[in-house]
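Please look over the model below before reading the points. The notes concern strands in one of the chains.

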Amino acid sequence: MVEHVDVAVVGGGPAGISAAVASAAAGKRVCLLDEGSRPGGQIWRHRLGQVPDEAQSLLTKLDAAAVKVLFRASVFDVEDRQGSWRLTLSQGERRVAITAEKLVLACGARERFLPFPGWTLPGVMGAGGGQAFLKEGLELHGERVLVAGTGPLLLPVAASVGKAGGRVLAILEQTPWRRVLGMLPVLLAHPSKALQAAQLGRSLFGVPYRPGWWVQEAYGKDFLEAVRLTDGQREEVLECRWLFCGFGLVPNGELGVALGCAGTHAGLQVNKAQESSVNGIFAAGELCGVAGVDAALAEGAIAGLAAAGVWDAASVEGHRLVKARARARSTGRQLERIFALRPELRGLPRPETIICRCEDVPYGAIDPSWGSRETKLCTRAGMGPCQGRVCGPILIYQFGHTPDTVRIPYKTTPVGQLIAEEP
Amino acid sequence: MNQRILVVGAGIVGVAIADRLQASGCSVTIFEADLPGGGATAAAMGHLVVLDDSPMQMAFTARGVALWRQENLPKGCEREVCGTLWVAADEEEVEEARRKAERYSGLGLACEVLTAGQLWEAEPALRPGLAGGLRVAGDQVLYPMGAARFLLKRALERGATLCREKVQALVPGGVRTEPGLVQADAVILAAGLGTTTLLPELPIQPRKGHLAITGRVPGLVHHQLVELGYLKSAHGRATTSVAFNVQPRATGQLLIGSSREFAGLDGSPNRELLGRMLRKAVSFLPTLERVPVLRVWTGFRPCGPGNLPVIGPWPGRPGLFVAAGHEGLGITTALVTAELMAHHLLGTPAFLDPASFLPEPAHG
């Protein structure tokens with residue numbers, strides 16, 4: 001049986017939940033699909049029973065709303081069926097098909113990885129991935145940990161390391177001090193963020209915060225043993241067991257791109273009602289450009305109302321949402337400027353440094369004069385299980401590539417589920 | 001005699017011709033505005049296979065595979081001599097396997113008819129209850145893009161040049177590009193689907209196919225597996241069809257094919273046909289059901305007017321030669337196509353009757 005709904009929302013983070021709640025409140029039949037096992041997305045990832053306070057009210061609304069929620073659901077195909085959308089997804093062993101009048105994409109963002117010699121050693125992890133491990137219960141037993149990369153996310157990651165019993169040696173922030181100071185006006189304009197920062201600062205008391213420093217190389221035989229860092233002039237070697245390294249986020253725009261929505265690797269284009277260039281497809285939150293949870297909440301609500309056909313920018317609620325969105329987007333742009341990646345990071349990989357982990361493609365195998373398709377066809381970069389989700393942004397950063405085409409299945413899917421018929 | 005030759009198209013056929021002629025002392029320029037090998041070559045499966053639809057097709061593909069065998073290919077070509085195993089579903093197909101074996105043996109190709117038990121030993125992942133098969137040991141697989149780049153690189157090292165200008169038109173004694181006319185002793189049109197744009201008298205139709213590539217499952221399949229019903233599918237020209245055709249890659253991945261349809265140039269996957277193709281594959285290889293698919297793509301075979309490609313001088317246009325319409329056999333027959341072309345241009349020996357491939361312009 002193929003279920004039919006008015007609005008299908010892909011992604012169960014703040015943007016997706018907001019959209020689902022808003023559409024449901026307008027009386028629409030809504031289905032919310034998420035790959036995780038509970039609502040909240042990457043940002044509100046939490047141990048069972050420990051829901052972050054800021055998420056609680058929205059999650060309560062979701063519970064109360066008439067929204068059908070499917071967890072562990074990977075959408076692997078979407079077809080345009082003249083005026084409606086047919087989504088096919090894999091849910092464990094099950095294949096589920098849903099048709100929807102409108103689609104809200106709220107697929108969020110993923111970590112950006114940048115390659116440096118040693119970045120594939122066990123013990124080196126993405127900052128967000130590392131934090132997820134810590135939240136799942138990874139214990140660090142006094143082990144030496146370095147947190148490096150860029151952006152505000154490094155601070156909560158370092159705090160989680162401390163909570164898990166690790167010893168944070170330093171936080172390396174690649175952006176220089178003078179640009180970090182640009183955070184002050186942002187914090188002053190957002191008292192709640194300033195409070196968070198102050199709390200983080202207290203929990204990180206004694207941990208050196210080192211703007212203008214970055215990791216050049218990670219060493220180790222079978223596991224990370226040491227890291228060489230630099231500020232462009234000086235170099236230091238720090239012995240450590242773990243390196244949590246994050247270079248910001250990149251939008252999960254693939255599904256939108258595959259469906260023909262206009263946009264770039266930096267985000268899908270949407271109009272004031274969060275509708276994409278394709279009629280009937282709305283997008284909200286990070287996949288329209290990384291701007292954080294406040295943008296996601298406002299845009300999700302707008303997209304949900306617009307998909308339900310009841311969006312009114314002139315209403316009191318509409319006015320509030322438009323204002324919140326503008327404010328959050330402006331902050332997002334400020335942060336993007338402050339934490340822009342320095343050009344030196346492009347020079348880190350050596351010829352033998354792996355660029356595509358799935359297919360073991362080294363940096364030296366890629367001719368800088370090649371475009372993205374040529375690189376893929378000549379080296380297999382991006383052809384492995386992750387289909388370029390990790391190395392795609394690396395190639396864009398290192399070589400200025402444009403993202404390659406997205407093909408079905410949008411998530412690796414067993415043959416049996418691709419061919420199953422709906423009962 | 002240092003002939004100046006222009007080759008239009010850097011797909012596998014074009015680069016094989018360019019490499020062959022440059023090696024024989026011609027001065028070759030290859031024209032390719034897009035990515036070399038980026039058309040049908042990049043989408044192809046890379047199965048070097050002897051087919052026996054007709055005696056000439058058999059001689060043509062056998063010579064093609066033999067020429068590839070003589071090449072010392074670098075690692076990037078991912079060549080594996082895995083052989084083809086033609087799978088017989090019932091006694092009728094076993095009979096066909098026997099007749100096939102006689103034809104292959106007649107050409108001196110190593111092959112053996114397998115009983116149901118031997119088939120199961122050779123490929124334990126095949127479903128029980130199959131009747132037998134035919135193993136053709138010399139068939140190979142390679143990575144078409146790698147092979148095309150290898151031939152292009154060798155041609156360039158031998159002194160050929162690659163020109164990235166788009167050829168706008170064929171003119172007497174040369175081609176016209178944006179910057180101007182380029183003159184030569186001969187022009188060889190090897191542009192696959194692009195052939196018809198430059199030479200409307202030679203209709204080349206896109207025949208769309210789907211392929212799916214899986215994650216790594218090393219050791220699950222050992223030969224290129226093709227159902228004996230394949231030729232029925234490949235040559236029923238008007239109909240849309242699927243056939244069981246699975247290839248083990250050097251990476252441990254499997255390529256799953258195949259489908260054929262005339263659907264214009266719309267490259268979006270036809271879910272219904274893809275489903276049929278994958279169901280067919282699972283019906284032969286039940287364990288495939290649990291194997292993850294990473295990616296599905298489509299490509300267009302350049303399908304000419306006859307069962308064989310058109311190779312040779314174009315009537316009424318002195319100095320113009322064509323090599324087009326290889327359909328699904330472009331990779332297998334790229335080197336033999338180059339050999340035939342060299343015969344026409346340089347008088348070197350052809351191992352096949354060149355007359356079978358001569359173009360006949362369409363009338364009306």
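Which residues on the two faces of β15(B) are buried?

1. Ser241(B), Ala243(B), Asn245(B) and Gln247(B) on one side, and Val242(B), Phe244(B), Val246(B) and Pro248(B) on the other, are all buried. Buried means that 20 or more other C-beta atoms, placed from the backbone, lie within 10 Å of the residue's own. In a regular strand, side chains alternate between the two faces of the sheet.

2. This is a predicted model, in which local features need pLDDT of at least 70, side-chain atom pairs count only at pLDDT 80 or more, and totals for chains, interfaces and linings use all residues. Residues are numbered from 1 along each chain as its sequence is written, while chains are lettered from A and ligands numbered from 1 in the order in which they are written.

3. Strand β15 of chain B covers residues 241-248; strands are DSSP runs of E, at least two residues, numbered from the N terminus. Strands pair if DSSP finds at least two bridges between them. β15(B) pairs antiparallel with β14(B), residues 224-227, over 2 bridges, and with β16(B), residues 254-260, through 6 bridges, also antiparallel.

4. Val246(B) is the bridge partner of Leu225(B) and also stands opposite Ile256(B) in β16(B). The hairpin of β15(B) and β16(B) has 5 residues between the strands, and Gly252(B) there takes a positive phi near 90 degrees.

5. β9(B), residues 167-171, and β10(B), residues 174-177, run antiparallel with 4 bridges, and Val171(B) has Gly174(B) as its bridge partner. Their hairpin has 2 residues between the strands, with Gly173(B) at a positive phi near 80 degrees.

Notes: A residue is buried if 20 or more other C-beta atoms lie within 10 Å of its own, exposed if 12 or fewer, and partly exposed in between; C-beta atoms are placed from the backbone.
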